[in-house]
Amino acid sequence: MISTKGRYALRVMIDLAEHKEDGYVPLKDIAMRQEISKKYLEIIVKELVRAKMVSGHGGRGGSYVLCREPEEYAVGEILEWMEGSLAPVSCLTEDAPPCARAETCKTLPLWKEYNQMVHDFFYSKSLRDLL
């Protein structure tokens, strides 16, 4: 399940893309338009800055701008940064230890196929597609 943090991060990125021509966008304006607490958005944009997806100006609670063009952001990239792995089962996460049952697991092919579908779906959509 995608958490509120992941969903709100997408909304922030969309808002910044929609107001790209305005330059740096005040966080208070994003909070007002998106009806999200400014305090919660501060946590989210801090992560987006750390990921080098947005650039901040004026410190905490300041203004923000996208670092790239909207079509250069895959939705999957944003969600995975905020959520961590989107894998449906722990054995398919990137740093999972080898599973002793992998050779005999009857459900592993199902989870692998589902995992690939989710990955392909989110990585085939760009921020531009959501505008």
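**Helix packing and the nonpolar core in a predicted model**

Q: At roughly what angle do the axes of helix α1 (residues 4–18) and helix α4 (residues 75–83) cross, and which word describes α1 relative to α4?
A: In this predicted model, the axes of α1 and α4 come within 9 Å and cross at roughly 135°. Angles over 145 degrees count as roughly antiparallel and those from 65 to 115 as roughly perpendicular, with the rest, apart from the roughly parallel ones under 35, being oblique. The crossing angle therefore makes α1, relative to α4, oblique.

Q: Which classes of residue make up the contact of α1 with α4, and how many are there of each?
A: On the α1 side, Lys 5, Gly 6, Ala 9, Leu 10 and Met 13 take part, and they meet Val 75, Ile 78, Leu 79, Met 82 and Glu 83 of α4. Sorted by class, this contact comprises seven nonpolar, one polar and two charged residues.

Q: Which helix gives the most residues to the largest nonpolar core?
A: This core has 30 residues, and those with the most contacts inside it include Met 13, Ile 78 and Leu 127. Ile 78 is itself in contact with Met 13 and Leu 127, among others. At least two core residues come from each of α1, α2, α3, β3, α4 and α5, and the element that gives the most, with eight residues, is α1.

Q: How far apart in space are Leu 86 and Ile 2, C-alpha to C-alpha?
A: Leu 86 lies in the loop between α4 and α5, and its contacts include Ile 2, Asn 115 and Phe 122. Although Leu 86 and Ile 2 are 84 residues apart in sequence, their C-alpha to C-alpha distance is 8.3 Å.

Conventions:
Residues numbered from 1 in each chain as written. Predicted model: local features only at pLDDT ≥ 70, side-chain atom pairs only at ≥ 80, totals over all residues. Heavy atoms only, no water. Axes fitted to C-alpha atoms, helices over the stretch in contact; angles between N-to-C directions. Helix = DSSP H or I, 4+ residues; strand = E, 2+ residues; numbered from the N terminus. Contact = heavy atoms within 4.5 Å. Nonpolar A, V, L, I, M, F, W, Y, C, P; charged D, E, K, R; others polar. Core = buried A, V, L, I, M, F, W, Y, C linked by side-chain atoms within 4.5 Å. Buried < 20%, exposed > 50% of the residue type's maximum accessible area, 1.4 Å probe, protein only. Lists of a residue's contacts leave out its neighbours within four places in sequence.
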